[in-house]
Amino acid sequence: MCKVSIIIPVYNAEKYLEKCLNSVIKQTLKDIEIICINDGSTDGSLNILQKYSEKDKRFIIIDQKNSGQSVARNKGLSVAKGEFIGFVDSDDWIGEDFYEKLYDAAIEYKADIAAGNILRVHDNEENKFYIKYDEIKIAKKTNKKYKLAEIPENCYIWNKIYNRKKLEKVDLKFKEGILYEDIIFSHKVLFYMKDFVTVPNVTYYYYDNPLSTVNVDSEKRLTDRNRASIEALQFVQDNCIKYEKFYRKYKWDKKITYSILGIPILIIRKYCSYKYFYLFGFINVFSVKVNSRNEF
């Protein structure tokens, strides 16, 4: 068993992939495995992966038909053998001591999750930190973990490592078929796992790729973002998590309940520009877009 399994979903990333992989193989923590899932790339990504795997036996290359990032990450989780799990996107990169410092902190403080900084890198704008930790802090209670992770503003998974056995114990996977799956995963993993430690002076470099899925406007992008936010809010409510920021950011605009003999049969909730219909209050049967924010 290695110390950290690094999972990298890859889809048509040949322009950025070598920079990403070079940052991983140069890690000062050598006891790692590098699990790359080629998600049906049509460019030269698979050839690059194969070239690296021939030179470095720590690579595990999985080639699958295009199924989406969640499926790729879940596939990586299913084969990972490390004490901890880390995620890197194929157009990003990491500092050379990134995993060594996160792993050492997790072991020293007996934490299930260790988190570092995120620096967002732009082509034509000044780079800025999305998350920056100046000192080691430890959180045990759920609301404190959310506060240190800066949830819900920064639902990013790749600046952290996660205890693999604890992930398997709660059977936590990425929701497949939608974008913004990180939002749902981040809320749940912080709730289910124990101590959370912040690690200063270690950085994940998040490249603001203008061609990435979440930067390209589409109906699916808007719909999936709403769906993920709603599921996150529902999870917080169902588990009685007292954290005011959730209710300011993810509040429902309106809600109508239709009941028979006091039993809710149909609940209609409006969030942003969509109405969601829940049978018996919890089965999401369908959703429709409304013409304006004020319409119900």
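Here is a short, friendly set of notes to read beside the structure.

1. **What you are looking at.** Please keep in mind that this is a predicted model. The protein chain has 9 helices and 14 strands. Of its 296 residues, 53% count as buried. You may also like to know how the contacts spread along the sequence. Among contacts in the protein chain with a separation of 6 or more, 71% are between residues 24 or more positions apart.

2. **Two helices side by side.** Start with helix α1, residues 17-25, and helix α2, residues 45-55. Their axes come within 11 Å and cross at roughly 25°. Because of that angle, α1 is roughly parallel to α2, since angles under 35 degrees count that way. The crossing of α1 and α2 is right-handed. On the α1 side, the contact is made by Leu17, Glu18, Leu21, Asn22 and Ile25. On the α2 side, the contact residues are Ser45, Ile48, Leu49, Lys51 and Tyr52. How many of the residues in this contact are nonpolar, polar and charged? The contact of α1 with α2 has 6 nonpolar, 2 polar and 2 charged residues.

3. **A stacked pair that links distant parts.** A search of the whole structure finds 20 aromatic pairs. One of them is Trp93 with Tyr205, which is stacked, with 5.7 Å from centre to centre and 5° between the planes. Trp93 belongs to strand β5 (residues 93-94) and Tyr205 to strand β10 (residues 196-207), so this pair ties together parts that are 112 residues apart in sequence. Are the two partners buried or exposed? Trp93 is buried, at 16% relative accessible area, while Tyr205 counts as partly exposed, at 25%. The two labels fit the cut-off, because buried means under 20%.

4. **A second stacked pair, and a cluster.** Tyr156 and Trp158 also form a stacked aromatic pair, with 4.8 Å from centre to centre and 20° between the planes. Tyr156 is buried, with a relative accessible area of 15%. Trp158 is buried as well, with a value of 3%. Which aromatic residues form one cluster? The members are Phe98, Tyr99, Tyr130, Tyr156, Trp158, Tyr204 and Tyr206. Try picking out these residues in the viewer, and you will find Tyr156 and Trp158 from the stacked pair among them.

5. **A cis peptide bond.** Next, look at the backbone between Ile151 and Pro152. A cis peptide bond joins these two residues, and omega is about 10°. Where does Pro152 lie? Pro152 sits in the loop between α5 (142-149) and β9 (160-163).

6. **Two residues with positive phi.** Asp171 is a residue other than glycine, yet its phi is positive, near 50°. Asp171 lies in the loop between α6 (164-169) and α7 (181-192). Asp171 is exposed, with a relative accessible area of 53%. Leu261 is not a glycine either, and its phi is positive at about 55°. The loop that holds Leu261 runs between β11 (254-260) and β12 (263-271). Leu261 is exposed, and its relative accessible area is 84%. Both labels follow because exposed means over 50%.

7. **A buried loop residue.** Not every loop residue in this model is exposed: Ala80, in the loop between α3 (69-79) and β4 (84-87), counts as buried at 3% relative accessibility. Which residues does Ala80 touch, leaving aside its neighbours within four places in sequence? Ala80 is in contact with Ser5, Glu33, Ile35, Ile85 and Arg164. Another residue to find is Ile34, which is 46 residues from Ala80 along the chain, with 9.1 Å separating their C-alpha atoms.

8. **A partly exposed loop residue.** Finish with Ser67, in the loop between β3 (59-64) and α3. Ser67 is partly exposed, with a relative accessible area of 31%. Ser67 and Asp39 are 28 residues apart in sequence, and their C-alpha atoms are 6.5 Å apart in space.

Terms used
Residues are numbered from 1 along each chain as its sequence is written. This is a predicted model: local features need pLDDT of at least 70, side-chain atom pairs count only at pLDDT 80 or more; totals for chains, interfaces and linings use all residues. Side-chain values use heavy atoms; hydrogens and water are left out. Axes are lines fitted to C-alpha atoms, for helices over the stretch in contact, and angles run from 0 to 180 degrees between N-to-C directions. Helices (H or I, at least four residues) and strands (E, at least two) are DSSP runs, numbered from the N terminus. Angles under 35 degrees count as roughly parallel, over 145 as roughly antiparallel, 65 to 115 as roughly perpendicular and the rest as oblique. A crossing is left-handed if the near helix is turned anticlockwise from the far one by less than a right angle, and right-handed if clockwise. Contact means heavy atoms within 4.5 Å. Ala, Val, Leu, Ile, Met, Phe, Trp, Tyr, Cys and Pro count as nonpolar, Asp, Glu, Lys and Arg as charged, and the others, Gly among them, as polar. Rings of Phe, Tyr and Trp (its six-membered ring) pair if their centres lie within 6.5 Å; planes under 30 degrees apart count as stacked, over 60 as edge-to-face and the rest as tilted. Buried means under 20% relative accessible area, exposed over 50%, partly exposed in between (1.4 Å probe, protein chains only).
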